[in-house]
Amino acid sequence: MATAPSLVTALQLVEARDGVSVEAMVSIKEPTRIRIDGAPITDVFGNIYSSNCANGTPPPNNSQNIPTINPTGELVLECDKDKGEVYIRPVGKSTKPINLFVSSAKATYTLLLHRSDTPADTIVIRDPSARLLKLDNANPNPSGMSLGTSANHIRAMKALLVAMASDRVPPDVRVEEVNRLVPLWLEARFSLMRRYEGRGLVGEKYLLQNISPTLMVLAEQEFDREGAQVMGVSIENHNLQPGEATNVFVIRQEATR
């Protein structure tokens with residue numbers, strides 16, 4: 001029985017924030033898949049040569065079989081609306097980088113794409129601030145404040161998470177280098193790397209390594225310590241193969257003195 005050949009792809013993980021440009025590679029011969037971690041792509045802006053994505057503009061002569069062509073375009077764009085992903089492929093012989101804006105419902109990410117003679121690839125956009133988990137908003141924390149009720153507090157939490165993930169700390173946040181092992185599980189090596197204090201919040205950046213011989217699957221709820229006033233947890237990689245490590249960010253309310 002004949003089978004279709006499978007498409008082997010690599011993976012580029014890019015940390016991005018709304019309004020900040022990030023660089024990635026795009027194959028000049030094969031399609032490159034783009035997706036946003038944890039959110040569907042809602043729109044793509046750029047110098048598009050042709051696209052199968054519905055944009056409300058009818059093609060020439062109202063013929064549905066004739067694609068709309070932009071002769072000066074740099075990319076062929078195809079959308080997978082069911083999965084919220086897109087596929088792109090450069091056109092022409094230009095070697096200059098390509099600017100592409102990829103939007104979710106909450107943010108727009110700017111990609112600077114460098115052309116490369118490489119196989120088919122996947123670009124995964126990960127936004128640390130968008131991965132912040134609000135833990136059980138229905139339950140008040142020990143101080144009696146309902147989690148997630150203050151828009152200002154949520155913004156402060158996201159700002160602190162971005163600062164921890166990017167190592168760009170604002171002047172009103174104090175950073176303490178810790179580098180201390182913390183007991184967790186026999187299968188993991190868990191180290192508190194840094195501690196952040198400011199704006200009524202405490203942030204902790206951990207490094208977790210899988211030291212077991214099997215796959216480790218992580219969930220944010222596992223780091224919600226009872227009585228610690230945990231307000232949010234973010235894990236960079238939820239699936240760790242043996243020997244792999246990931247950053248874990250924990251944000252909690254600063255204790256009242």
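Accessible areas come from the Shrake-Rupley method with a 1.4 Å probe. By that method, the chain in this predicted model has an accessible surface of about 14,600 Å². Carbon and sulfur atoms contribute 52% of that surface. Welcome to a quick tour, from the whole chain down to a single serine.

**The chain as a whole**

- The chain has 257 residues, and 40% of them are buried.
- You can look for 1 helix and 18 strands as you turn the model around.
- Among the contacts with a separation of 6 or more, 61% join residues that sit 24 or more positions apart.

**How confident the prediction is**

- The average pLDDT of the chain is 78, and 78% of the residues reach at least 70.
- Confidence is highest in strand β7 (residues 85-90), with a mean of 94.
- At the other end of the scale, strand β11 (residues 133-134) has the lowest mean, 48.
- Residues 56-66 have a pLDDT below 50, and this stretch makes 7 contacts in the model beyond near neighbours in sequence.
- Residues 134-149 also have a pLDDT below 50, and here the model shows 25 contacts beyond near neighbours in sequence.
- Where pLDDT is low, the predicted coordinates should not be read in detail.

**A sheet of four strands**

- An open sheet is built from 4 strands, and their order is β2-β9-β8-β4.
- The pairing in this sheet is mixed.
- Strands β2 (21-27) and β4 (43-46) are the edges, since each of them pairs on one side only.
- On average, neighbouring strands of the sheet are turned by 30° against each other, with direction ignored.
- Inside the sheet, β8 (residues 98-103) pairs with β9 (residues 108-116) in the antiparallel sense, over 6 bridges.
- To see one place where these two strands meet, find Val102, which stands opposite Tyr109 in β9.

**A close look at Ser27**

- Ser27 belongs to strand β2, which is one of the edge strands of the sheet.
- Is Ser27 buried or exposed? Its relative accessibility is 1%, so Ser27 counts as buried, because the cut-off for buried is under 20%.
- A polar atom of the Ser27 side chain lies 3.3 Å from the backbone nitrogen of Lys29.
- Which residues does Ser27 touch, leaving aside its neighbours within four places in sequence? Ser27 is in contact with Thr32, Pro90, Ser116, Thr118 and Pro119.
- Two of these partners lie in strands already introduced: Pro90 falls within β7 (residues 85-90), and Ser116 falls within β9 (residues 108-116).

Technical notes
Residues are numbered from 1 along each chain as its sequence is written. This is a predicted model: local features need pLDDT of at least 70, side-chain atom pairs count only at pLDDT 80 or more; totals for chains, interfaces and linings use all residues. Side-chain values use heavy atoms; hydrogens and water are left out. pLDDT is the predictor's confidence in each residue, from 0 to 100. Contact means heavy atoms within 4.5 Å. Buried means under 20% relative accessible area, exposed over 50%, partly exposed in between (1.4 Å probe, protein chains only). Two strands pair if DSSP finds at least two bridges between them. Axes are lines fitted to C-alpha atoms, for helices over the stretch in contact, and angles run from 0 to 180 degrees between N-to-C directions. A polar contact is a pair of N or O atoms within 3.5 Å; within protein, one must be able to donate a hydrogen and the other to accept it, and residues adjacent in sequence count only if both atoms are side-chain atoms.
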